[in-house]
Amino acid sequence: QVQLVESGGGLVQPGGSLRLSCAASGAIFGINAMDWYRQAPGKQRELVATLTRDGSTNYADSVKGRFTISRDTAKKTVFLQMNKLKPDDTAVYYCNADIYSPPLGVQNYWGPGTQVTVSS
């Protein structure tokens with residue numbers, strides 16, 4: 001059974017940094033795009049960053065220049081380095097991935113989320 005598990009969330013002061021990790025486990029034959037989403041209280045879930053299989057990245061305008069998505073392919077792990085954090089970045093951050101796992105084929109998976117709170 002394929003699972004995604006996030007880690008690295010916590011409480012940080014404005015201007016600080018956090019590094020989130022998302023590890024995929026299970027019978028995985030291949031991983032396509034891996035993304036980070038976030039959902040703040042009372043708001044819709046939004047796409048924060050995308051990393052495609054060929055290494056292309058894309059970011060929400062609100063995090064460009066501050067957040068960086070990367071991966072360790074061998075460890076099936078994607079990271080989100082978050083710098084210059086603002087109170088508006090407070091949210092639950094979710095990992096999402098398209099994973100090929102027989103016999104189901106390519107399926108979309110979500111992690112349970114990790115809380116990031118930016119506050120003084």
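## Close-up views of pockets, core, disulfide and strand 11

**Figure 1. Lining of the second largest pocket.** Of the residues that line the second largest pocket, seven are charged, four are polar and two are nonpolar. The structure shown here and in the following figures is a predicted model. The lining comprises 13 residues in total. Those nearest the centre of the second largest pocket are Arg38, Lys43, Glu46, Asp88 and Asp89. The volume of the second largest pocket is about 150 Å³.

**Figure 2. Lining of the largest pocket.** The largest pocket encloses a volume of about 180 Å³. Its lining is formed by Ile28, Gly30, Ile31, Asn32, Met34, Leu51, Arg53, Arg71, Asp72, Thr73, Lys76 and Thr77. Two elements, strand 4 (30–39) and strand 7 (67–72), each give two or more residues to this lining. The greatest contribution to the largest pocket is that of strand 4, with four residues. By residue class, the lining of the largest pocket holds four nonpolar, four polar and four charged residues.

**Figure 3. The largest nonpolar core.** In soluble globular proteins, nonpolar side chains tend to be buried together. In the present model, the largest nonpolar core contains 32 residues. Trp36, Leu80, Met82, Tyr93 and Ile99 have the most contacts inside this core. At least two core residues come from each of strand 3 (18–25), strand 4, strand 5 (46–51), strand 7, strand 8 (77–82), strand 9 (91–101) and strand 11 (114–118). Strand 9 supplies the largest share of the core, namely five residues.

**Figure 4. The disulfide of Cys22 and Cys95.** A disulfide is a covalent bond between the sulfur atoms of two cysteines. The model has one disulfide, which joins Cys22 to Cys95 with an S to S distance of 2.1 Å. The angle about the S-S bond is -80°, and the link of Cys22 and Cys95 is left-handed. Distant parts of the chain are thereby linked, with Cys22 in strand 3 and Cys95 in strand 9, 73 residues apart. Are the two cysteines buried or exposed? Cys22 is classed as buried because its relative accessibility is 0%, and Cys95 is likewise buried because its relative accessibility is 0%; the cut-off for a buried residue is under 20%.

**Figure 5. Alternating side chains along strand 11.** The side chains of strand 11 alternate between two faces. Thr114, Val116 and Val118 point to one face and are buried, whereas Gln115 and Thr117 point to the other and are not. Gln115 has a relative accessibility of 39% and therefore counts as partly exposed, since that class lies between the 20% limit for buried and the 50% limit for exposed residues. The C-alpha atom of Gln115 is separated by 11 Å from that of Leu18, which lies 97 residues away along the chain.

**Figure 6. Pairing of strand 11 with strand 2 and strand 9.** Which sense of pairing relates strand 11 to strand 2 (residues 10–12)? These two strands pair in the parallel sense, over three bridges. Within this region, Gly10 stands opposite Val116 of strand 11. Strand 9 and strand 11, by contrast, run antiparallel and are joined by three bridges. Here the bridge partner of Ala91 is Val116 in strand 11. Val116 thus appears opposite Gly10 and as the partner of Ala91, and its side chain is among those of strand 11 that are buried.

Definitions and conventions. Residues numbered from 1 in each chain as written. Predicted model: local features only at pLDDT ≥ 70, side-chain atom pairs only at ≥ 80, totals over all residues. Heavy atoms only, no water. 1 Å grid on protein atoms, 1.4 Å probe; cavity = no way out; pocket = protein on both sides within 12 Å on 5 of 7 lines; lining within 4 Å. Points joined across faces, edges and corners; volume = space filled by probe spheres on them. Nonpolar A, V, L, I, M, F, W, Y, C, P; charged D, E, K, R; others polar. Core = buried A, V, L, I, M, F, W, Y, C linked by side-chain atoms within 4.5 Å. Buried < 20%, exposed > 50% of the residue type's maximum accessible area, 1.4 Å probe, protein only. Disulfide = S-S within 2.5 Å. Pairing = 2+ DSSP bridges.
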